[in-house]
Amino acid sequence: MPELPEVENARQVVEKALNRVIVDIDDTDTFECRPHRPGEIAGALKGGKLTDARRRGKAMWCETTIADGSAGPTLGIHLGMGGRIIVTAPDGDQTSQYGGGDPHVGERDTDKPEWTRFAMTFEDGGQLRLFDKRRLGRVRLEPDIDALGPDAAEISREDFRLRIGSGGAPLKARLLDQAAIAGVGNLLADEVLWQSAQSPARRCKTLTTDELDELRVVLRRAIRSAIKKGGVHTGEIIPYRKSGAVCPRCGAPMSRGTVGGRTTWWCSKEQS
């Protein structure tokens with residue numbers, strides 16, 4: 001699943017589609033656009049504009065206006081396992097923007113129209129498309145984000161201490177809990193715990209205030225790096241999450257187990 005950095009990169013691509021008049025919408029993929037009927041999203045948004053692209057954790061949505069300029073419904077866009085947002089410029093300009101999703105999907109692949117699950121056409125001739133080979137993304141009106149915790153890239157020091165540093169859950173499981181903190185997925189959690197030399201199985205309530213503060217600093221730094229480099233797959237420890245690998249920092253064997261229901265890799269020496 002895409003994690004916060006991939007979704008933030010996709011959100012930045014969606015910004016290229018803001019304040020452009022919507023003249024047509026293809027929302028006929030009933031799986032991708034569930035629970036809406038074909039034409040329901042189009043009827044709500046045609047003639048209006050996307051006015052803001054927002055994100056909390058892994059959730060992304062757009063604020064809209066309708067044809068008369070008043071506020072319209074929010075439009076949620078979820079990338080699924082390998083979805084990508086494509087925004088094309090007005091007619092005559094061949095520049096396209098790509099963001100989010102599967103790093104193994106190249107520009108040539110996005111020429112396949114059968115893998116475009118949702119498309120929004122603008123008055124200037126450009127489009128916003130959700131390209132989704134695996135058909136696991138989602139587009140819907142008025143998405144529910146109330147259950148999400150604070151964004152992992154923006155959470156305050158005090159809130160982080162409270163939400164991560166209490167209770168008996170394993171540290172990795174708490175980081176993955178989207179109600180506690182939104183945006184951390186499996187790869188980012190392993191990266192942050194390796195960088196901070198913390199055991200993924202350590203009980204949250206045993207962390208000191210200084211350790212929690214350092215963990216937050218490391219998390220925010222890892223998120224910034226992943227956004228800049230194109231995704232969580234660019235993390236330092238990610239290439240070493242495999243059998244036979246050794247820790248690139250100390251040379252100890254990498255260990256594998258399950259924490260919080262997810263496959264987890266850690267340094268057998270520094271994160272014991």
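**Helix α6, two sheet regions and a buried threonine**

Just past the end of helix α6, G230 adopts a positive phi of about 110 degrees. The model is a predicted one, and α6 makes a handy place to start looking around it. This helix takes in residues 209-229, 21 residues in total, and covers 30 Å between its first and last C-alpha, close to the 30 Å expected at 1.5 Å a residue. A good part of the helix is hidden: L212, D213, L215, R216, V218, L219, A222, I223 and A226 are its buried residues. The spacing in that list is easier to read with helix geometry in mind: an α-helix has 3.6 residues a turn, so residues three or four places apart point the same way. As for what covers the buried residues of α6, the elements include α1, α3 (157-164), α4 (171-176) and α5 (186-195).

Helix α1 (residues 4-14) turns up again at a sheet, where it packs against the strands and touches β2 and β3. Its direction makes about 165 degrees with that of β2. The sheet in question is open and has four strands, ordered β2-β3-β4-β9 with antiparallel pairing. At its edges sit β2 (49-56) and β9 (138-141), each of which pairs on one side only. On average, neighbouring strands here are turned by 20 degrees against each other, ignoring direction. Inside the sheet, β3 (residues 59-65) and β4 (residues 75-78) run antiparallel and are joined by two bridges; C62 has L75 in β4 as its bridge partner.

Strand β8 (residues 127-131) is the next stop. Most of β8 is covered, with four of its five residues buried. Two strands bridge to it. With β5 (residues 84-88), β8 pairs in the antiparallel sense over four bridges, and I86 stands opposite R129. With β7, the link is five bridges, again antiparallel, and here F118 has L130 of β8 as its bridge partner. β7 and β8 also make up a hairpin with four residues between them, and in the turn G125 shows a positive phi of about 100 degrees.

The count of aromatic pairs comes to one. It is formed by W115 and F131, whose ring centres are 6.0 Å apart and whose planes meet at 70 degrees, so the pair is edge-to-face. W115 belongs to the loop between β6 (96-99) and β7 (116-122), whereas F131 is part of β8, so the contact ties together parts that are 16 residues apart in sequence. Both partners are tucked away, given a cut-off of under 20% for buried: W115 has 17% relative accessibility and counts as buried, and F131, at 1%, does too.

Finally, there is T264, found in strand β11 (residues 262-267). With 0% relative accessibility, T264 counts as buried, yet its side chain still has polar company. One polar contact, at 2.8 Å, goes to the side chain of K172; in addition, the T264 side chain reaches the backbone oxygen of R262 at 2.9 Å. Leaving out residues up to four places away in sequence, T264 touches K172, D190, P200, S255, R256, G257, T258 and V259. Two of these names lead back to the helices around α6: α4 spans 171-176 and α5 spans 186-195, and K172 and D190 are among the residues that T264 touches.

Conventions:
Residues are numbered from 1 along each chain as its sequence is written. This is a predicted model: local features need pLDDT of at least 70, side-chain atom pairs count only at pLDDT 80 or more; totals for chains, interfaces and linings use all residues. Side-chain values use heavy atoms; hydrogens and water are left out. Buried means under 20% relative accessible area, exposed over 50%, partly exposed in between (1.4 Å probe, protein chains only). A polar contact is a pair of N or O atoms within 3.5 Å; within protein, one must be able to donate a hydrogen and the other to accept it, and residues adjacent in sequence count only if both atoms are side-chain atoms. Contact means heavy atoms within 4.5 Å. Two strands pair if DSSP finds at least two bridges between them. Axes are lines fitted to C-alpha atoms, for helices over the stretch in contact, and angles run from 0 to 180 degrees between N-to-C directions. The expected span of a helix is 1.5 Å times one less than its number of residues. Rings of Phe, Tyr and Trp (its six-membered ring) pair if their centres lie within 6.5 Å; planes under 30 degrees apart count as stacked, over 60 as edge-to-face and the rest as tilted.
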